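This report introduces a protein chain to a reader who has not met it before. Please keep the sequence and the structure in view while reading.

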Amino acid sequence: MKITRLKLTPLKFPPAPRKHTIHSINPIYIFPDLRYDSAAPAPRKGPDMLVLQVETDEGITGFANSGYAGTSVYPYVRDILAPALVGEDAFRTEWLWEKMFRYSIASAREGVTSSAISLVDVALWDLKGKALNQPVYNLLGGRTKDRIRAYASHLYVYATDAGDPDLSLLREEAAMYVEQGFTAVKQRFGFGPWDGVEGMKKNRALVKTLRETIGEDIELMVDCCRAFDADYAIKMARMVEEFNLTWLEEPVQPHDHAGYVKVRGAASMPISGGENEYSKHAFRRWAEMGCADIWQPDVDRAAGVTEVQKIVNLAASFDIPVIPHGGWATNFHVAMANINIPLAEYFPPQEENEGARFIHGEPVVRDGHLELSDRPGFGLELDEEALKRFVYEG
């Protein structure tokens, strides 16, 4: 089955209306003019998302979509990867991955190039599943569990008109997730080193509010969103250790491996991270240095299913649990096929995003768990008519 075309469709979405101002942590907030929504930069130019369809001479098509580094990934897939793959056997995912990787050696290998490889690799696995009439998790070894426990990942900090955290909205959202049957939730810190001691106190108040709302039986995780340095993260971890956190996520910037080790050695709760690492080679460094207790690679960033499966196997050799970043079907299928993935991230649907749907069949959490269908590939269908509404013409 030969690849005949890689069809790329760039998409641009209209700005989604927001009911509330988000006031949640971000590493760019070190710059005052970019801090929080009240001074957010203008929308980026170029596409917001890419859809890739890999077509074959047997009429079978696999697809993938990605919004990560979309503006830069677009020309890379179009001009570098696509010409290298046309005419190749679509079943040779390992061979094709290696070919893409070696083409990318002079292009930094990680980040944009890794995301580009992810887009193609995911589409190839979807295609292979459809050709064999099997879900991707079966191609990776089959089910290791009947269903996947999921945690609700949202709980951003909303601001009042005065600019302070709106704790009432935080309570309302958290209580809703508990009512829906989630047994674990993740929130984001709202303040960083630039906010001083008062910001640390506000962060503690956010975590305290969540723990009081969900009770002691629901797992609680907090995301630092790679916005802190090691010393600040350690102080912050000690201020919230009484709230029995399941993990503290991304306490420092991705390159700061020594910082991860320092925080992990000082904190009383497990440390997680890895959503901004892009290869098995990077995670080998994590294993050698002991950066984190939990690894969080993302299929849509870390060079696709082919590479993430190797990262998961590497973690298993060190008895390290993996909980992939990102609540999408690609990660769910890897989670279903691996014993050392006990939990999945899930982004509860938000009302403001409902108008941009062009994919059907996405798994939905019920009673705190995901049940994957046995539909072929990733079990998703592309709505071509809905897609046309968002095509980017720039």
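The count of salt bridges in this predicted model comes to 22. In general, side chains of opposite charge can pair when their charged atoms come close. Three of these pairs, listed below, serve as examples.

| Pair | Closest N to O | Location |
|---|---|---|
| Arg-102 and Glu-98 | 2.9 Å | both in helix α2 (residues 93-103) |
| Glu-249 and Lys-186 | 2.8 Å | strand β9 (residues 247-249) and strand β7 (residues 184-188) |
| Glu-385 and Lys-388 | 3.0 Å | both in helix α12 (residues 384-388) |

Within α2, Arg-102 and Glu-98 are four residues apart, about one turn of the helix. Arg-102 is exposed, with a relative accessible area of 57%, while Glu-98 counts as partly exposed at 26% relative accessibility. The salt bridge between Glu-249 and Lys-186 joins two strands, so this pair ties together parts that are 63 residues apart in sequence. Both Glu-249 and Lys-186 are buried. In helix α12, Glu-385 and Lys-388 are three residues apart, about one turn of the helix, and both are exposed. Salt bridges that share partners also form one network, which joins Lys-186, Arg-188, Asp-223, Glu-249 and Glu-345.

Helix α8 offers a view of how a helix is placed in the chain. In α8 (residues 257-266), the buried residues are His-257, Gly-259, Tyr-260 and Val-263. Because these residues cover an arc of only 155° around the axis, they lie on the same side of α8. That buried set packs against α7 (230-240), β10 (271-273) and α9 (280-289). Ala-258 and Gly-265, on the other side of α8, are exposed.

A contrasting surface feature is found elsewhere. Ile-28, Ile-30 and Phe-31 make a nonpolar surface patch of about 280 Å². Ile-30 is placed in the loop between β2 (21-22) and β3 (49-56), and its 52% relative accessibility counts as exposed because the cut-off is over 50%.

For the chain as a whole, the secondary structure comprises 12 helices and 15 strands. The C-alpha trace spans about 60 × 45 × 45 Å along its principal axes. A compact globule of 394 residues would have a radius of gyration near 21 Å, and the chain, with 21 Å, agrees. Of the 394 residues, 53% count as buried. Among contacts with a separation of 6 or more, 73% come from residues 24 or more positions apart. The chain exposes about 16,900 Å², and carbon and sulfur atoms supply 51% of that area.

Methods:
Residues are numbered from 1 along each chain as its sequence is written. This is a predicted model: local features need pLDDT of at least 70, side-chain atom pairs count only at pLDDT 80 or more; totals for chains, interfaces and linings use all residues. Side-chain values use heavy atoms; hydrogens and water are left out. Buried means under 20% relative accessible area, exposed over 50%, partly exposed in between (1.4 Å probe, protein chains only). The arc is that of the directions from the helix axis to the C-beta atoms. Contact means heavy atoms within 4.5 Å. Patches are made of residues with over 30% relative accessible area and no salt bridge: like charges are joined within 9 Å, nonpolar side chains (Val, Leu, Ile, Met, Phe, Trp, Tyr) within 5 Å. Accessible areas come from the Shrake-Rupley method with a 1.4 Å probe; for residues, only the protein chains shown count as cover. A salt bridge is a side-chain nitrogen of Lys or Arg within 4 Å of a carboxyl oxygen of Asp or Glu. The radius of gyration is taken over C-alpha atoms; the globule rule is 2.2 Å times the number of residues to the power 0.38.
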